[in-house]
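The exercises below ask you to work through a protein model, from pairs of helices to the whole fold and then to single residues. Try each task before reading the solution beneath it.

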Amino acid sequence: MGKVLIIGAGGVGTVVAHKVAQNPDVFTEVMIASRTKSKCDAIVKAIGNPHIRTAEVDADHVDELVELMTSFRPDIVINVALPYQDLTIMEACLKTGTNYLDTANYEPKDVAHFEYSWQWAYKQRFEEAGLTAILGCGFDPGVSGIYTAYAAKHHFDEIQYLDIVDCNAGNHHKAFATNFNPEINIREITQNGRYYENGEWVTTRPMEIHKGLTYPNIGPRDSYLLYHEELESLVKNFPTIRRARFWMTFGQEYLTHLRVIQNIGMARIDEVKYQGMKIVPLQFLKAVLPNPQDLGENYEGETSIGCRIRGIKEGKEQTYYIYNNCSHQAAYKETGMQGVSYTTGVPAMIGAMMFLKGLWKRPGVWNVEEFDPDPFMEQLNLQGLPWHEVFNGDLEL
Ligand code: NDP
């Protein structure tokens, strides 16, 4: 059906490549490109399909990307490098007539700032070029938006309250590690919290608001209110929403480590001089922390991510909880990666599949909830991330 170029060969890129290879009727030609080619070659070896091509590319440079895309001529790029590369890859897509998909919104390197404005600004150019750009197609953002769109389409006339709940109840047996790129992860969770209520954004101190929430098959876990990028597009695309929040679980041990990291200045993202060189402390920290890709082997337990929604259907208030639980060990057995990479990589593959099947093909720049959720939801059940629903249960929120 189509040619795909995967950019990024980390934890998520590895899962995307495995899942793309499992669907050869849709992805007829595949290339994995990243800054370090040996990582792409290792993925191809693990998959065992020598027809998958690999290449080296520095995605910070539009001209390198253009050269690669001009020679391979992909129908779509799955961008699972880092959020810093979103705009250069989108530029290269426009220059080469290639469609685009990512899993995280653009962030400038020097400020931890999460908003879609930079990428939404490309809407007209993608429209005029007849190209589709699908933004935020991981789990959260990604499936969280698709769950919301599915709820709006099938179960509510009006969604009023939305809480996205993200629990990782896994244990990797390390004193401290992050589940995806440590730099991106720590930037995300050390910023102020923020939620939407009655048309306004309310800012909180980092981790200021927390609550015990009960997760299916897991039990109660301390859950902390964070700002998460999909809140911005969801309140825009579902204007009946009165309040939208995002919650993530953290253990006390993790939070203690994080506090120390911040207190000693290792979470800083500005440059400091060290032995005549300039280094960014958080980037240095990344180099000494466990690699998220190596956590899989001893990772036990599961993730549980879902949407808890309250709203109106046929004049009556109802609640709805839709979620997926993903076992770290099952993810590792299938792809060699833990559950957090798995829950991100599978939706990225499905999004590209939706595009190549012509189901999510629409010139412009779109967040996932703007497409028909039904065929995507069907694929989630087939591709390893089955979902479950609870009607009119206690949402705890
Ligand atoms: P990793 O750090 O494991 O992998 C990132 C990959 O991108 C590495 O292979 C890295 O290469 C490559 N890369 C970095 N910079 C460049 C560059 N300039 N040019 C080419 N390649 C580059 O990260 P993850 O796999 O954990 O995460 C990938 C993406 O997924 C991130 O954007 C993250 O924010 C997103 N994500 C989204 C989630 C969701 O649910 N929506 C959840 C989790 C992650 P090298 O190895 O050489 O450094």
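**Exercise 1. Determine with which hand α8 passes α11, and describe how the two helices meet.**

Solution. In this predicted model, α8 passes α11 in a right-handed crossing. Next, take the geometry of the axes: those of helix α8 (residues 182-189) and helix α11 (residues 281-288) come within 9 Å and cross at roughly 130 degrees. An angle over 145 would count as roughly antiparallel, and 65 to 115 as roughly perpendicular, and α8 and α11 are therefore oblique to each other. Finally, identify the residues that make the contact, which are Pro-182, Glu-183 and Ile-186 on the side of α8, and Leu-282, Gln-283, Leu-285 and Lys-286 on the side of α11. Sorted by character, the residues of this contact of α8 with α11 comprise 4 nonpolar, 1 polar and 2 charged.

**Exercise 2. Carry out the analysis for α3 and α4, giving the angle at which their axes cross and the residues that meet.**

Solution. Begin with the axes of helix α3 (residues 62-72) and helix α4 (residues 86-96), which come within 9 Å and cross at roughly 45 degrees. Because angles under 35 degrees count as roughly parallel and those from 65 to 115 as roughly perpendicular, the class is settled by this angle, and α3 and α4 are therefore oblique to each other. As for the hand, α3 passes α4 in a right-handed crossing. The residues of α3 that take part are Val-62, Leu-65, Val-66, Met-69 and Thr-70, and they meet Thr-88, Ile-89, Glu-91, Ala-92, Lys-95 and Thr-96 of α4. In this contact of α3 with α4, 6 residues are nonpolar, 3 are polar and 2 are charged.

**Exercise 3. Assess how compact the protein is for its 397 residues.**

Solution. First count the secondary structure elements, of which the protein has 14 helices and 18 strands. Its radius of gyration is 20 Å, close to the 21 Å that the globule rule gives for 397 residues, so the protein is as compact as a globular protein of that length. The extent of the C-alpha trace along the principal axes is about 55 × 55 × 40 Å. Turning to the interior, buried residues account for 48% of the 397 residues. Last, consider the contacts between residues at least 6 apart in sequence: 70% of them join residues at least 24 apart.

**Exercise 4. Decide whether Ile-164 and Gly-384 are buried or exposed, and list what each one touches.**

Solution. Ile-164 has its place in strand β7 (residues 158-168). The cut-off for a buried residue is 20 or more other C-beta atoms within 10 Å, and with 26 C-beta neighbours inside 10 Å, Ile-164 counts as buried. Leaving aside residues up to four places away in sequence, Ile-164 touches Asp-140, Ser-144, His-228, Phe-246 and Cys-307.

Gly-384, in turn, is found in the loop between α14 (373-382) and β18. With 22 other C-beta atoms within 10 Å, Gly-384 is buried. Under the exclusion of residues up to four places away in sequence, Gly-384 touches Glu-334 and Val-346.

**Exercise 5. Locate Arg-73 and Asn-217, and describe the backbone and the exposure of each.**

Solution. Arg-73 lies in the loop between α3 and β4 (76-79), and its phi is near 55 degrees, a positive value in a residue other than glycine. A residue counts as exposed with 12 or fewer other C-beta atoms within 10 Å, and Arg-73 is exposed because it has 12. Asn-217 belongs to the loop between β10 (210-215) and β11 (219-226). Although Asn-217 is not a glycine, its phi is positive, at about 65 degrees. Asn-217 is exposed, since 12 other C-beta atoms lie within 10 Å.

**Exercise 6. Establish which form the peptide bond from Asp-140 to Pro-141 takes, and how far Asp-394 is from Tyr-321.**

Solution. The peptide bond from Asp-140 to Pro-141 is cis, and its omega is near 10 degrees. Pro-141 itself has its place in the loop between β6 (132-135) and α7 (143-154). For the second part, note that Asp-394 is found in the segment after β18 (388-391). Asp-394 is exposed, with 10 other C-beta atoms within 10 Å. Along the chain Asp-394 and Tyr-321 are 73 residues apart, while their C-alpha atoms are separated by 9.1 Å.

Methods
Residues are numbered from 1 along each chain as its sequence is written. This is a predicted model: local features need pLDDT of at least 70, side-chain atom pairs count only at pLDDT 80 or more; totals for chains, interfaces and linings use all residues. Axes are lines fitted to C-alpha atoms, for helices over the stretch in contact, and angles run from 0 to 180 degrees between N-to-C directions. Helices (H or I, at least four residues) and strands (E, at least two) are DSSP runs, numbered from the N terminus. A crossing is left-handed if the near helix is turned anticlockwise from the far one by less than a right angle, and right-handed if clockwise. Two residues are in contact if their C-beta atoms, placed from the backbone, lie within 7 Å. Ala, Val, Leu, Ile, Met, Phe, Trp, Tyr, Cys and Pro count as nonpolar, Asp, Glu, Lys and Arg as charged, and the others, Gly among them, as polar. The radius of gyration is taken over C-alpha atoms; the globule rule is 2.2 Å times the number of residues to the power 0.38.
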